[in-house]
Amino acid sequence: MNSALLIIDMQNDFFPNGRMPLERSNEASLKAQEALQAYRAKHKTIIHVQHISTRPDATYFLPCTKGIEFHPNVQPAKNEIIIKKHYPNSFKDTGLLNYLIKQQINHLVVCGMLTHLCIDATVRAAYDLGFACTVLHDACASKNLEFNNAPIPAQSVHHAFLAALQPTYANVISVRELVQKTSHTAVTA
């Protein structure tokens, strides 16, 4: 399989002092950094997805703010692709699909922010488009949600969405498992 690492929305607004900090965002970014280093060491394709809000009522990822900048732990290198998006699904109205087809990528290793929204939407879309997917569970983060006035802790949200993706939509593994595989073979996860 020809694999690419897809890092979704690891941007300042999701971190402490941002406009919408997530639970465990720092820890997730450090794990994503490990995956990034493994892919860089193997000279594999790396794609950074950057969300820029265009909704008039948006409160975060506002254009021309520090909040849309990539977090220092996962800064893109000059040769790495940046895809800008305006929706949870990284494929919607972006050049991501065309780029993957041109590069003959058939497997995505996905990590990033909002397990329950952008990770979920992108992985499901990728699966529907014919890509094999691996999600790095410890390099993703979520937030507390609420349903029918009942609070749902971020870790429960995170685990429920990962459980729903596996095994149909994605293989869900840790960064450690990915790194172990990359040290012995080509990056395929």
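Okay, let's start with Asp9, which sits in the loop between β1 and α1. Keep in mind that this is a predicted model. So, is Asp9 buried or exposed? Its relative accessibility is 0%, so Asp9 counts as buried. And what does Asp9 touch, once we skip residues up to four places away in sequence? The list is Phe14, Val49, Gln50, His51, Phe61, Lys85, Met113 and Cys118.

Now the sheet. Six strands make an open sheet, and the order is β3-β2-β1-β4-β5-β8, with parallel pairing. At the edges you have β3, residues 81-85, and β8, residues 171-173, and each of those pairs on one side only. On average, neighbouring strands in this sheet are turned by 25° against each other, ignoring direction.

Let's go through some of the pairs. Strand β1, residues 3-8, runs parallel to β2, residues 45-51, and they share five bridges. β1 also pairs with β4, again in the parallel sense, over six bridges. If you want one residue to click on, take Leu6: it stands opposite Ile47 in β2, and it stands opposite Val110 in β4. Then β4 pairs with β5, parallel once more, over six bridges. There, His107 has Ala132 of β5 as its bridge partner.

How many of the residues of β4 are buried? Seven of the seven, so β4 is largely enclosed by the rest of the structure.

On to the core. The largest nonpolar core has 54 residues, and those touching the most other members are Leu5, Phe14, Leu100, Leu108, Val135 and Leu136. Which strand gives the most to this core? That's β5, residues 132-141, with six residues. Leu5 is a nice one to look at up close. Beyond its neighbours within four places in sequence, Leu5 contacts Ala35, Leu36, Tyr39, Thr45, Ile46, Ile47, Val109, Cys111 and Leu136.

Some of those contacts take us to helix α1. It covers residues 25-41 and packs on the sheet, where it touches β1, β2, β4 and β5. The direction of α1 makes about 135° with that of β5. With 17 residues, α1 reaches 24 Å from its first C-alpha to its last, close to the 24 Å expected at 1.5 Å a residue. Its buried residues are Ser25, Ala28, Ser29, Ala32, Ala35, Leu36, Ala38 and Tyr39. A reminder on helices: there are 3.6 residues a turn in an α-helix, so residues three or four places apart point the same way. The buried residues of α1 pack against β1, β2, β4 and β5, and also against α5, residues 175-184. Right after α1 comes His43, with a positive phi near 55°.

Next helix: α4, residues 154-165. Its end C-alpha atoms are 17 Å apart, and the 12 residues should span 16 Å at 1.5 Å a residue, so that agrees. The buried ones in α4 are Ala154, Val157, His158, Leu162 and Leu165. Why do we say they share a side of α4? Because they cover an arc of only 125° around the axis. What covers them includes α3, β5, β6, β7 and β8.

β7 is also the place of Ala150. Ala150 has 36% relative accessibility, so it counts as partly exposed. Ala150 and Leu129 are 21 residues apart along the chain, and their C-alpha atoms are separated by 35 Å.

Last bit: backbone oddities. For background, most residues other than glycine have a negative phi, and most peptide bonds are trans. Here, Gln166 and Pro167 are joined by a cis peptide bond, with omega about 0°. Pro167 is in the loop between α4 and β8.

Then there's Cys64, which isn't a glycine but has a positive phi of about 65°. You'll find Cys64 in the loop between β2 and β3, and at 81% relative accessibility it counts as exposed. Gln104 is another residue other than glycine with a positive phi, near 55°. Gln104 lies in the loop between α2 and β4. Buried or exposed, then, for Gln104? Exposed, because its relative accessibility is 63%.

Methods
Residues numbered from 1 in each chain as written. Predicted model: local features only at pLDDT ≥ 70, side-chain atom pairs only at ≥ 80, totals over all residues. Heavy atoms only, no water. Core = buried A, V, L, I, M, F, W, Y, C linked by side-chain atoms within 4.5 Å. Buried < 20%, exposed > 50% of the residue type's maximum accessible area, 1.4 Å probe, protein only. Helix = DSSP H or I, 4+ residues; strand = E, 2+ residues; numbered from the N terminus. Contact = heavy atoms within 4.5 Å. Pairing = 2+ DSSP bridges. Axes fitted to C-alpha atoms, helices over the stretch in contact; angles between N-to-C directions. Expected span 1.5 Å × (residues − 1). Arc of directions from axis to C-beta.
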